[in-house]
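User: Hi! I'm new to reading protein models and would love some help with this one. Could we go through it together?

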Amino acid sequence: MNRLNAARGIEPPAKLAGLDRITDPEIRGQLQLDQTKEALSRINDGKQATVEAYGNLDGKRLFVVIAMRGRVDIDKTVKDSGATPDQVKVVGKSTCVESTDNLPTQCYRGSNTLTVIAQAANADAGVNDVGPVADEAFTAMK
């Protein structure tokens, strides 16, 4: 059953956090969404993956959401990121890492069949902004 779930496609919602999914090919290219999706699928044993951006083009709010079929060890991923314990927060049902010098604010939510990573493209977005996006994306894509 898990193998079937891992092969199942991921359908990104048209809206997330009240923001539209960015479908403009030029902007998607600038954000390298499709290239990242292809690379993730390759390194994840061909399992389904999607990389989407949600926001308004004026730049006030922009989130990048990565979803992959299969389980990712979120605790190990957070540990490997180099985040200090005070940078790790639980928001809703997501595990979040506050922004550092070299990484944006990121939140993770997963199960045995789906892992979602949401990150802010805006420097002023914190874990309380990104956590609900990860939860909403997880629910919408499972």
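Analyst: Happy to help; below we talk through salt bridges, a disulfide, a pocket and a loop residue in this predicted model.

User: How many salt bridges does a search of the whole structure find?
Analyst: A salt bridge needs a side-chain nitrogen of Lys or Arg within 4 Å of a carboxyl oxygen of Asp or Glu. Searching the whole structure with that rule gives a total of nine.

User: Which residue meets Arg21 in a salt bridge, and in which strand does this partner lie?
Analyst: The N to O distance from Arg21 to its partner Glu52 is 3.2 Å, which is within the 4 Å cut-off. Arg21 sits in the loop between strand S2 and helix H2, so the pair ties together parts that are 31 residues apart in sequence. The partner is Glu52, and Glu52 lies in strand S3.

User: Is Glu52 buried or exposed?
Analyst: Let's look at both ends of this salt bridge. Arg21 has a relative accessible area of 28%, which makes Arg21 partly exposed. For Glu52 the value is 5%, and buried means under 20%. Glu52 is therefore buried.

User: Which residue forms a salt bridge with Asp34?
Analyst: The closest N and O atoms of this pair are 2.9 Å apart. Asp34 itself is partly exposed at 35% relative accessible area, while its partner counts as buried at 10% relative accessibility. That partner is Arg28.

User: Why are Asp80 and Lys76 separated by about one helical turn?
Analyst: These two side chains meet in a salt bridge with an N to O distance of 2.7 Å. Asp80 counts as exposed at 54% relative accessibility, and Lys76 is partly exposed at 47%. Both belong to helix H4, and their separation is about one turn because they are four residues apart.

User: Which residues do salt bridges with shared partners join into one network?
Analyst: We have already met these residues in two pairs. One pair is Arg21 with Glu52, and another is Asp34 with Arg28. Salt bridges that share partners join them into one network: Arg21, Arg28, Asp34 and Glu52.

User: Which cysteines does the disulfide join, and what is its handedness?
Analyst: The count comes to one disulfide, joining Cys96 to Cys107 with an S to S distance of 2.1 Å. Cys96 is in strand S6 and Cys107 in strand S7, 11 residues apart, so the pair links distant parts of the chain. Cys96 is buried at 0% relative accessible area, and Cys107 is buried at 0% too. The torsion about the S-S bond is about 115°, so the disulfide between Cys96 and Cys107 is right-handed.

User: How many charged residues are in the lining of the largest pocket?
Analyst: This pocket holds about 160 Å³ of space, and its lining includes Leu40, Ile66, Thr77 and Tyr108. Helix H3, strand S4 and strand S7 each supply at least two of the lining residues. By class, seven lining residues are nonpolar and three are polar, and the number of charged ones is zero: there are no charged residues.

User: Where is Ser81 found, and how many Å separate its C-alpha atom from that of Ser94?
Analyst: Ser81 is found in the loop between H4 and strand S5. Ser81 counts as partly exposed at 28% relative accessibility. Along the chain, Ser81 and Ser94 are 13 residues apart, and their C-alpha atoms are separated by 16 Å.

Definitions and conventions. Residues are numbered from 1 along each chain as its sequence is written. This is a predicted model: local features need pLDDT of at least 70, side-chain atom pairs count only at pLDDT 80 or more; totals for chains, interfaces and linings use all residues. Side-chain values use heavy atoms; hydrogens and water are left out. Buried means under 20% relative accessible area, exposed over 50%, partly exposed in between (1.4 Å probe, protein chains only). On a 1 Å grid over the protein atoms alone, a cavity is a set of points where a 1.4 Å probe fits but cannot get out, and a pocket is an open set with protein on both sides within 12 Å along at least five of seven lines; lining residues have an atom within 4 Å of a point. Grid points are joined across faces, edges and corners, and a volume is the space filled by probe spheres set on the points. Ala, Val, Leu, Ile, Met, Phe, Trp, Tyr, Cys and Pro count as nonpolar, Asp, Glu, Lys and Arg as charged, and the others, Gly among them, as polar. A disulfide is a pair of cysteine sulfur atoms within 2.5 Å.
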